[in-house]
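This report introduces a structure to a reader who has not met it before. It proceeds by topic, beginning with how its elements are named.

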Amino acid sequence: MISLNILDYSPIDEGSNAREALFQTTALAKSADKLGYSRFWVSEHHQTFSLAGSNPEMLMMHLAASTERIRIGSGGVMLPHYSSYKVAENFRILEALYPNRIDLGIGRAPGGNRLVTYALNEEKSRPLSYEQQIEDLKGFLTDNVSADHRFHELIATPVIETIPEMWLLGSSGGSAEIAAANGTAFTFAHFINPFGAGLTAVNEYRKNFKPSALLENPKVMIGVFAIVAETNEEAEEIAKAFDLWLLTVESAQTPPYYPSIQTAIDYQYSPREIDRISSNRNRVLVGDAKKVKREIEKLAELYDTNEITILPNIEKSTNRMKSIQLLAEAFNLSGV
């Protein structure tokens, strides 16, 4: 049985604002909780003006308080910008307040441009390797730091009985290798790299996985954009706005909103942009609930996993809400 999850970017619709986008994320999380989705994750994007999600930990606290059952997580915290010790304490606070409901998704992408990276790292004199940061974070979360570690006398507080699930996010084999070595769960971003690297990464992760205090057996999740509507024709109409949004995100100048369908229709696309849209369609599942369900099942079979995370990053809150409802009904989730 496939377990469905959601990763939400808190998109700011054309004519709306960031505050409203965050309230829409809250409403989406509440709906996902009632519909039977297993996890609801939020992202970290900086200076991407069409998205309101810049601080997953803060938003997670609000979402956990606003829901009852669903696991709340980060997709993800961009660890190279931060102290592993501070991240461990942030998530121990979350886990203490909402035990067995918190997921710590970790990534190493900058989540923004060079200026963002500089601003978040301005005072760092000796940046650590990502591998060392992951090892440190694992040690702080499990209270298992070696005697020769530079912080062997340091304990991340509060000291609690449970541990948040730790996931490494990746779109290539590098993060899969680190996840396997540290015994963490691994989620592959098919929505970033759908062209074959994922299967190799997942297979290598499973092959080289080392059991740890975090996880006894390998655990894999796959993430993919999804646009679901009542009909295939309606889904394709909504996808026009997604196509334009993804183009703007990939460009140097991004607008302060997620474009409307009408804005996408009126846009004059260059031949290069048309080619790029065609390529980007490999990153998204588009159609009615039955069609998208079949494609999700194929994806789960391809990667041999029962955990699929959809990114319903589409125009209008009403379309996002309808999209997750239709998919929940198609999969007969426990909440429907």
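Helices (H or I, at least four residues) and strands (E, at least two) are DSSP runs, numbered from the N terminus. Under this scheme, F242 and W245 both belong to helix α8 (residues 232-250), where they stand three residues apart, about one turn of the helix. The model described here is predicted.

## Aromatic pairs

A pair of aromatic rings is described by the distance of the centres and the angle of the planes. A search of the whole structure yields 13 aromatic pairs. In one of them, the ring centres of F191 and F225 are 5.3 Å apart and the planes meet at 70 degrees, so this pair is edge-to-face. It joins distant parts of the chain, with the two positions 34 residues apart: F191 is in the loop between β7 (185-189) and α7 (197-208), while F225 is in strand β8 (residues 220-229). F191 is buried, at 11% relative accessibility, and F225 is buried as well, with a relative accessible area of 2%.

The rings of F242 and W245 have centres 6.1 Å apart and planes at 40 degrees, so this pair is tilted. F242 and W245 are both buried. A single aromatic cluster is formed by Y9, F191, F225, F242, W245 and Y258. Elsewhere, a charged residue is placed against a ring: K293 lies over the face of F331, at 5.3 Å from the ring centre.

## The nonpolar core

Which residues touch the most other members of the largest nonpolar core? They are Y37, F40 and I296, in a core of 92 residues. Strand β8 supplies the largest share of this core, namely nine residues.

The surroundings of Y37 can be listed in detail. Not counting residues up to four places away in sequence, Y37 touches L4, N5, I6, A32, R69, I70, I310, I324, L327, A328 and L333.

## Helix packing

How are α8 and helix α10 (residues 271-280) arranged relative to each other? Their axes come within 10 Å and cross at roughly 105 degrees. Angles of 65 to 115 degrees count as roughly perpendicular, and α8 and α10 are therefore roughly perpendicular to each other. On the α8 side the contact involves D243, L246, L247 and E250, which meet E273, R276, I277 and N280 in α10.

Helix α6 (residues 173-182) has S175, A176, I178, A179, A180 and N182 as its buried residues. The elements covering these buried residues include α5 (130-142), β6 (165-170), β7 and α7. After α6 comes G183, which has a positive phi near 65 degrees.

## Two buried positions far apart in sequence

A235 and S323 are 88 residues apart along the chain, yet their C-alpha atoms are separated by 9.3 Å. A235 is part of helix α8, and S323 is part of helix α12 (residues 317-331). A235 counts as buried at 0% relative accessibility, and S323 is buried with a relative accessible area of 1%.

Their contacts, leaving aside neighbours within four places in sequence, can be set out residue by residue. A235 is in contact with I227, A229, V286 and G287. S323 is in contact with A226, I227, V228 and I314. I227 thus appears among the contacts of A235 and among those of S323.

## Backbone features

Most residues other than glycine have a negative phi, and most peptide bonds are trans. Where do cis peptide bonds occur in this model? One joins G75 and G76, with omega about 0 degrees; G76 is in the loop between β3 (71-74) and β4 (77-78). Another is the bond from T157 to P158, with omega near 5 degrees, and P158 is in the loop between α5 and β6.

Positive phi values are also found in residues other than glycine. N100 has phi near 65 degrees and is in the loop between α3 (84-97) and β5 (102-107). D143, which is not a glycine, has a positive phi of about 55 degrees. D143 is in the loop between α5 and β6 and counts as partly exposed, at 44% relative accessibility.

Technical notes
Residues numbered from 1 in each chain as written. Predicted model: local features only at pLDDT ≥ 70, side-chain atom pairs only at ≥ 80, totals over all residues. Heavy atoms only, no water. Phe/Tyr/Trp six-rings, centres within 6.5 Å; stacked < 30°, edge-to-face > 60°. Buried < 20%, exposed > 50% of the residue type's maximum accessible area, 1.4 Å probe, protein only. Lys NZ or Arg CZ within 6 Å of the ring centre and 35° of its normal. Core = buried A, V, L, I, M, F, W, Y, C linked by side-chain atoms within 4.5 Å. Contact = heavy atoms within 4.5 Å. Axes fitted to C-alpha atoms, helices over the stretch in contact; angles between N-to-C directions. Parallel < 35°, antiparallel > 145°, perpendicular 65-115°, else oblique.
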